[in-house]
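Student: I would like to learn how to read a model like this one, feature by feature. Where should we begin?

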Amino acid sequence: MIHEILPVGVLACNCSIFGDEQTREAMVVDPGDDIADILAILARHGLTVKAIVITHAHIDHIGGAQQLKQATGAPVYMNLNDTALQKMLDIQAQWLGMKPVKPVDIDAPAKDGDRLSVGVTAFHVLHTPGHTQGSISLWIPSEVKLVAGDTLFRDSIGRTDLPGGDGRKILRSIHEKLLPLAEETVVIPGHGEATTIGREKRFNPFLQGL
Ligand SMILES: [Zn+2]
């Protein structure tokens, strides 16, 4: 399947664009900003967006969602435990000294156990709270990939000091939902370099001795 990763916005949020080569259907995960660049990638591959998925409602991940939705007509999926954060994007913009963004209308909940599809490829929603209450990860078994949002990073885990964060919950989410995945699973974090489940099991300093 087509998979492009584009770091967007001032915080370089990893936006993923997945596309099916046969049906030309696409899913965009975390369109935080730079929507013109995302649309250019979609056009280059001849893709039509069927779903916009938000891993969590921090502005660097969700900030461009409404603009992408207006440009494509695709529904926006988000876990509803992040509704409070989603409704305070103006305050989040102030925290970060960013320009205000369009409020985002959510069309469908992304709940633990839900499956979304792009062509023949299934995307499993894993609810992984801790960085925020509504944080989700997307597991794509046939691609041996995981889009982890800000839950798991190469050598680190998501911060839990922002409103809605919970340090014990994020560790529980990682241990119960992410580390059981196959070691060769490629992890695309919300920021920075990709890694694998096996590498983080062995070397991530936040996951040792637990
Ligand atoms: Zn975040």
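Student: How many residues lie between strand 7 and strand 8 in their hairpin?

Tutor: First, the ground rules. This is a predicted model, in which local features need pLDDT of at least 70 and side-chain atom pairs count only at pLDDT 80 or more, while totals for chains, interfaces and linings use all residues. Residues are numbered from 1 along each chain as its sequence is written, and side-chain values use heavy atoms, with hydrogens and water left out. Strands (E, at least two residues) and helices (H or I, at least four) are DSSP runs, numbered from the N terminus. Two residues lie between strand 7 and strand 8, and G119 in that turn has a positive phi of about 60 degrees.

Student: How many bridges join strand 7 to strand 8?

Tutor: In general, strands of a sheet pair through backbone hydrogen bonds, either parallel or antiparallel. Here two strands count as paired if DSSP finds at least two bridges between them. Strand 7 and strand 8 run antiparallel and are joined by four bridges, with A122 in strand 8 as the bridge partner of S117.

Student: What is the strand order of the sheet that holds this hairpin?

Tutor: The order is 7-8-9-10-13-14, an open sheet of six strands with mixed pairing. Strand 7 (115-118) and strand 14 (195-196) each have a single partner strand and stand at the edges, so one side of each is left without a neighbour in the sheet. Further in, four bridges join strand 8 to strand 9, again antiparallel, and H124 stands opposite W139. W139 also stands opposite L146 in strand 10; strand 9 (residues 136-140) and strand 10 are antiparallel and joined by three bridges.

Student: Is strand 8 largely enclosed or open, and is R115 buried or exposed?

Tutor: Buried means under 20% relative accessible area, exposed over 50%, and partly exposed in between (1.4 Å probe, protein chains only). Six of the seven residues of strand 8 (residues 121-127) are buried, so strand 8 is largely enclosed by the rest of the structure. R115, in strand 7, is exposed, with a relative accessible area of 61%. Leaving aside neighbours within four places in sequence, R115 is in contact (heavy atoms within 4.5 Å) with F123 and H124.

Student: Which helix packs on the sheet of strands 1 to 6?

Tutor: That sheet is open too, with the order 1-2-3-4-5-6 and mixed pairing. Within that sheet, strand 2 (residues 13-19) and strand 3 (residues 25-29) run antiparallel, joined by four bridges. Helix 1 (residues 35-45) packs on the sheet, touching strand 1, strand 2, strand 3 and strand 4, and its direction makes about 165 degrees with that of strand 1. Axes are lines fitted to C-alpha atoms, for helices over the stretch in contact, and angles run from 0 to 180 degrees between N-to-C directions.

Student: Which residues coordinate the zinc ion?

Tutor: Donors are N, O and S atoms within 2.8 Å of the metal (3.2 Å for Na, K and Ca); water is not among the atoms, so sites may look incomplete. The zinc ion is coordinated by H56 (NE2), H58 (ND1), H131 (NE2) and D150 (OD), at 2.2 to 2.5 Å. H56 lies in the loop between strand 4 (48-53) and helix 2 (59-62), and D150 in the loop between strand 10 (145-149) and strand 11 (152-153), so the pair ties together parts that are 94 residues apart in sequence. H56 is buried, at 0% relative accessibility, and D150 is buried at 6%.
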